[in-house]
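Me: Here's a model I'd like to chat through. Can you walk me through a helix and the pockets?

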Amino acid sequence: MRFLTTIGAIAVMLGTQAMAQPGTRLVWQPVQEYFIHRDEMQQVKAGTKRLNSFTAYTHLGSDFGFHGPAEHELDWLTDEIVAHLGQQPEGWAGMWHSLAGQARNPNRVMDFTRAYPEPITAKHQPRVSAVMIQAAGRGKIKLEIKSPTQEIRWSQMIELNEPQYRMFVHPVAPEAVRDGKTLVWTAEPGAEVKVSGLYLGVEMPRMPWDAYAFLASYAKIARSYSIETGFVRDRAHIEEGAFESVSATGMYVLASAAAAQEPLGVVTPDYARWVLTQTHEAVKRLKTARGLLPHFVQRRDNAYHIHPNTEYSTVDTAIYAQSMLLAATMLGLPAVAEDMILQMQRIEYDLLRLPDGHLSHGLADDGISLLPHGWQDWGGETALVMLMEGIANSQHRPPPMRTPGKAWQGSGFITEVQSLFHPDFDSDEPDAHDGVRWHSVRRTMLGAQRAYISKRWPQSQAARHGLYGLSAGENQAGNGYYVGGVDLPDQKLIHPHYILMSAVLHPQASDIYGLLERMEKAAYFPPWGMVENLDVDGRSYLPMEGALNAGFEALGAYHLLAKHRRIPDAIYQASRQSPPIRRAMQLFYPQEPSVEEAAGR
């Protein structure tokens with residue numbers, strides 16, 4: 001349960017927009033709302049339960065913990081932290097929250113004058129100018145912002161005598177916090193208090209909503225990127241080197257190439273080229289298996305290796321390789337583009353083929369055992385794998401897909417992932433492989449997605465906001481993969497990345513931006529990016545910063561912006577201008593595009 005239905009309502013109630021500087025708008029970013037996501041709703045006592053760093057995280061994509069000699073007197077109930085210190089005259093206790101990365105990493109800090117990741121240009125950087133806490137009870141609570149060396153950069157004491165929850169807002173001078181590491185609240189000795197939420201007041205530069213939607217989505221995946229390693233962490237809050245995603249790494253490079261395009265200028269072209277070459281060199285050092293890249297990697301003995309119990313993956317290799325090829329084409333780095341084509345050609349496709357002729361999903365982590373399932377189900381993932389083999393100039397023609405034009409379980413992302421990279425599937429010409437009219441299938445899926453919630457849960461908050469997205473991603477507790485879809489009954493978990501993935505299908509882009517504004521007011525699209533998932537009743541959401549869906553969101557937001565402004569789509573231009581991609585696309589659309597189409601006009 002959430003005590004307040006929207007963070008936007010808080011700003012209206014407090015009149016805090018007046019705190020913002022001219023040319024900015026104040027948006028509240030949760031640091032933590034203290035609801036609990038887990039399978040059993042037992043109470044959690046701070047001193048008796050060890051936090052799982054994989055599933056315990058702040059809304060900023062960082063870690064948190066308890067502190068103080070009386071921390072055992074803190075109870076974490078379903079929606080709040082309760083401090084019983086009335087019998088502890090010498091005891092104090094509270095919670096710390098890292099503002100960037102893990103607390104033990106001193107190199108990750110938040111500069112309150114430019115709170116987004118460093119590569120984002122100055123004119124797109126937000127400022128943090130306030131801290132807000134939602135608390136009730138009797139006694140004192142101290143708020144502090146500390147540097148990596150525990151120096152206090154800001155402090156505020158709150159005296160509570162409030163039986164009901166109340167919001168306490170305090171300004172912060174951004175220039176005083178250039179190296180914020182932790183935001184801490186402490187219940188002072190004798191306090192009997194409870195806390196349900198902690199927030200940052202973020203001054204966003206005023207910009208059109210199409211630019212903001214891309215900026216927030218790009219910043220979300222950028223928080224998972226490591227400049228030192230060249231890889232993207234699967235989740236922003238986990239330690240660098242522990243669990244990196246190769247496919248998300250490729251999508252970050254492609255999103256950076258898009259971010260460098262005019263008129264966006266979210267990053268500089270020099271940065272986009274640098275991140276492309278840095279990542280290319282890092283991934284080239286990985287051990288492959290029959291030419292396939294690992295899905296996930298881990299750093300051991302000063303080098304990256306496949307993460308145990310994961311796979312060498314055909315589809316993740318396809319996503320990475322096509323992302324990098326497109327980015328290299330966009331940024332004018334032909335040597336990298338040629339290297340990516342060679343990498344796809346080195347894959348031993350014939351040894352990865354199952355008896356029915358379809359390519360396997362990949363190899364086990366031993367690099368030898370062929371996975372028994374193949375790419376026979378219809379959809380965008382299968383199409384990307386087929387295109388990868390075509391780019392490699394393979395002469396093999398895959399067998400027809402199973403159930404052409406029908407995504408497995410009606411899961412939303414399946415009909416859209418291919419169109420994050422290539423424009424050809426925005427056509428109603430029957431494809432030459434299965435006879436599917438992709439554009440019609442995608443629009444039919446969008447209609448089913450938009451109708452499902454309003455029909456099945458008409459009184460829900462999701463229906464009132466117009467939310468949709470029965471797709472795939474983390475489950476409600478954030479501890480496992482979940483695949484939803486419109487063909488399944490009684491679906492209640494929405495993965496809103498589908499809203500941006502499918503946005504270009506909507507006839508009016510302004511309607512999508514209106515929906516995103518409503519999501520912002522309901523705290524589902526805060527400045528740190530779209531939530532991973534939410535329940536249809538709106539009372540529960542998962543704030544995890546997951547890199548894969550962040551990549552989907554950033555690329556979808558870019559395509560929507562290009563359509564909305566009627567400007568050339570640089571990703572689609574690169575696809576049209578790449579001879580290997582055009583050759584591979586013959587599998588679906590044998591008719592070569594005109595010169596004008598190839599030039600993106």
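Me: What length does helix H8 reach from its first C-alpha to its last?
Reply: Quick note: this is a predicted model, with local features needing pLDDT of at least 70, side-chain atom pairs counting only at pLDDT 80 or more, and totals for chains, interfaces and linings using all residues. Numbering runs from 1 along each chain as its sequence is written, and side-chain values use heavy atoms, leaving out hydrogens and water. Helices here are DSSP runs of H or I with at least four residues, and strands are E runs of at least two, numbered from the N terminus. H8 covers residues 438–456, 19 residues, and at 1.5 Å a residue (times one less than the residue count) you'd expect 27 Å, close to what H8 reaches: 27 Å.

Me: Which elements do the buried residues of H8 pack against?
Reply: Buried means under 20% relative accessible area with a 1.4 Å probe, protein chains only, and in H8 that includes Trp-438, Arg-442 and Tyr-452. Counting contacts as heavy atoms within 4.5 Å, the partners are H7, helix H9 (461–465), strand S19 (493–494) and helix H10 (497–501).

Me: Which element gives the most to the lining of the largest pocket?
Reply: A pocket is an open set of points on a 1 Å grid over the protein atoms alone, where a 1.4 Å probe fits, with protein on both sides within 12 Å along at least five of seven lines; lining residues have an atom within 4 Å of a point. Of the 44 lining residues, the closest to the centre include His-295 and Glu-381. Helix H5 (314–330) and strand S18 (481–483) are among the elements giving two or more, but the top contributor, with four residues, is H12.

Conventions:
Buried means under 20% relative accessible area, exposed over 50%, partly exposed in between (1.4 Å probe, protein chains only).
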